[in-house]
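Here is a short briefing on one protein chain. Keep the structure open beside the text and find each part as it comes up.

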Amino acid sequence: MYLTREEEKMLAGEMGHAVQVAMEILVALGEIYGAEKMVPITSAQVSGVSYKNLGEAGLEWLEDLSKDGRVRVQTTLNPAGIDLEKWREIGVSENFVEMQKRVIDAYLAMGIKPTLTCTPYLAENMPRFAEHIAWSESSAVVYANSVIGARTNREGGPSALAAALTGRTPFYGLHLMENRVYSIKVISPNLEDEYDFALLGYVVGKQSKGRIPLFTGIRSANQSELKALGAALGSISGTPMFHVEGITPEYTLTPEDRVEEIEVSDRDLENASEELNDDVEPDLIFIGCPHASLEELIMLIERLENRVVKKKMWVCTSRAVGALAKKLGVYQKLERLGVTILSDTCPIVAPINELNIRSIATNSVKGVWYSRNLNNLSIKLAKLSELVEEAVRD
Ligand code: F3S
């Protein structure tokens with residue numbers, strides 16, 4: 001792999017310990033994937049923040065890097081295991097909080113912004129079309145590639161951090177135009193709302209085997225719908241990107257050969273909904289996976305129609321969107337209606353099993369997928385309107 005003089009110095013340890021460790025990771029990755037060189041990046045999004053997933057070994061690794069590592073590009077953080085302001089209210093143990101704060105402190109020492117959200121593109125990290133970036137967090141990766149047209153592979157936490165510390169990433173995969181072309185064509189059914197988009201992502205994710213799909217037959221799609229489609233697709237499969245004919249910026253990239261075509265029917269969406277539903281009485285109703293946008297918070301207010309929530313209902317959003325919602329009175333209104341708004345975290349990365357929550361209801365396919373497979377919870381998948389009716393019922 002070709003390295004510039006500066007990159008060679010990084011690898012030789014002449015620019016510090018953390019940079020050397022980072023460059024070793026990137027060179028190893030580049031060699032595995034056949035990259036010819038590195039490419040400069042403009043932004044990084046680092047996952048691997050919750051102490052629940054990192055554990056002691058992960059924390060020690062970060063603290064070691066934080067001694068002399070400083071990021072070279074705008075870098076933001078994925079959600080942690082706690083809401084930094086409301087952790088007592090939620091009931092997380094002090095021991096967990098202490099370890100979680102050490103993780104965040106290590107990232108802060110490296111110059112990373114503590115955005116603690118999986119929707120950096122709604123907070124302070126919005127790349128431009130065609131920029132090379134290094135993002136981890138599958139839903140954000142899919143959104144960045146597909147909707148924004150920025151270029152990133154599906155990084156893991158360590159490789160995204162390594163890219164941030166060196167300002168570059170190996171030039172392979174989705175950084176090359178030829179790999180951004182679709183290789184499976186999907187004829188979509190009529191989609192009503194973001195719930196249908198998420199189910200479509202699930203159905204196609206199960207069949208795509210990592211291939212990039214082109215969705216046809218979708219007449220319009222808003223930000224929440226594209227976010228839900230990408231989050232479902234990215235969590236069920238390794239797919240890093242999708243195109244929607246007439247909507248996303250690179251849908252005209254055309255493959256040289258004929259590709260497989262699949263048709264998804266209404267029945268397929270119904271089957272998916274049944275597959276992802278244990279039909280339980282939920283201990284927690286959860287909205288905001290990926291973290292809710294301002295529009296989604298407003299939509300929740302509209303659905304509640306001034307009715308007060310009687311069950312435990314969490315809405316997760318970024319602190320940046322939360323601040324905007326406070327300015328507009330949206331946040332206060334939701335709180336008055338009994339909704340708990342959390343930032344910095346979500347039930348998937350929080351130590352949920354410590355909190356006496358055994359079942360969860362959500363409108364997010366990604367949320368139910370990980371609740372079932374990572375957290376071992378019973379799940380209920382439902383439209384936002386059904387979740388609201390469940391929440392206000394006595
Ligand atoms: Fe974000 Fe948690 Fe869902 S990190 S994408 S809200 S699983």
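Start with helix H11, residues 294-304, in this predicted model. Its buried residues are Leu294, Glu296, Leu297, Leu300, Ile301 and Leu304. Seen down the axis of H11, these residues fall within an arc of 165°, so they line one face of the helix.

**Around helix H11**

- An α-helix has 3.6 residues a turn, so residues three or four places apart point the same way.
- Three helices and strands that the buried residues of H11 pack against are among a longer list, including helix H9 (223-236), strand E11 (284-292) and strand E12 (313-317).
- Helix H12 (319-327), helix H13 (330-336) and helix H15 (384-392) also pack against the buried residues of H11.
- Glu305 comes just after H11. This residue lies in the loop between H11 and E12.
- Is Glu305 buried or exposed? Glu305 is exposed, with a relative accessible area of 57%.

**Helix H6**

- H6 (138-148) is mostly covered. Of its 11 residues, 10 are buried.
- Among the buried residues of H6 are Ser138, Val141, Tyr143, Asn145 and Ile148.
- The cover over these buried residues includes strand E4 (134-136), strand E5 (154-155), H9, E11 and H14.
- Gly149 follows H6, and its phi is positive, near 85°.

**Domains and their interface**

- The domain assignment gives domain 1 (5-177), domain 2 (181-274) and domain 3 (277-392).
- The C-alpha centres of domain 1 and domain 3 lie 27 Å apart.
- How many residues of domain 1 are in contact with domain 3? There are 26, and they touch 26 residues of domain 3.
- Domain 1 and domain 3 bury about 1900 Å² between them. Carbon and sulfur atoms carry 53% of that area.
- Between domain 1 and domain 3, 16 residue pairs are in polar contact.
- Four salt bridges are found across this interface.
- Helix H3 (51-65), helix H4 (87-90) and helix H6 (138-148) each supply at least two residues of the side of domain 1 that touches domain 3.
- Look also for the salt bridge between the side chains of Asp83 and Arg319 (3.1 Å, N to O).

**Two buried residues**

- Thr166 is found in helix H7, residues 157-166. Thr166 counts as buried because its relative accessibility is 0%, and buried means under 20%.
- Beyond four places in sequence, Thr166 touches Met10, Val19, Ala22, Met23, Leu26 and Arg72.
- Thr166 and Val73 are 93 residues apart along the chain, yet 8.5 Å separates their C-alpha atoms.
- Ser364 lies in the loop between strand E14 (359-362) and helix H14 (365-373). At 5% relative accessibility, Ser364 also counts as buried.
- Neighbours within four places aside, Ser364 is in contact with Cys289 and Leu381.

**Unusual backbone angles**

- Most residues other than glycine have a negative phi, and most peptide bonds are trans.
- Glu305 is not a glycine, but its phi is positive, about 45°.
- Asn376 is not a glycine either, and it has a positive phi of about 60°.
- Where is Asn376 found? Asn376 is in the loop between H14 and strand E15 (378-381). Asn376 is exposed, with a relative accessible area of 69%.
- Cys289 and Pro290 are joined by a cis peptide bond, with omega about -10°. Pro290 has its place in strand E11.

Technical notes. Residues are numbered from 1 along each chain as its sequence is written. This is a predicted model: local features need pLDDT of at least 70, side-chain atom pairs count only at pLDDT 80 or more; totals for chains, interfaces and linings use all residues. Side-chain values use heavy atoms; hydrogens and water are left out. Buried means under 20% relative accessible area, exposed over 50%, partly exposed in between (1.4 Å probe, protein chains only). Helices (H or I, at least four residues) and strands (E, at least two) are DSSP runs, numbered from the N terminus. The arc is that of the directions from the helix axis to the C-beta atoms. Contact means heavy atoms within 4.5 Å. Domain bounds come from an automatic or database domain assignment. Buried area is the accessible area (1.4 Å probe) that two parts lose on being put together, summed over both. A polar contact is a pair of N or O atoms within 3.5 Å; within protein, one must be able to donate a hydrogen and the other to accept it, and residues adjacent in sequence count only if both atoms are side-chain atoms.
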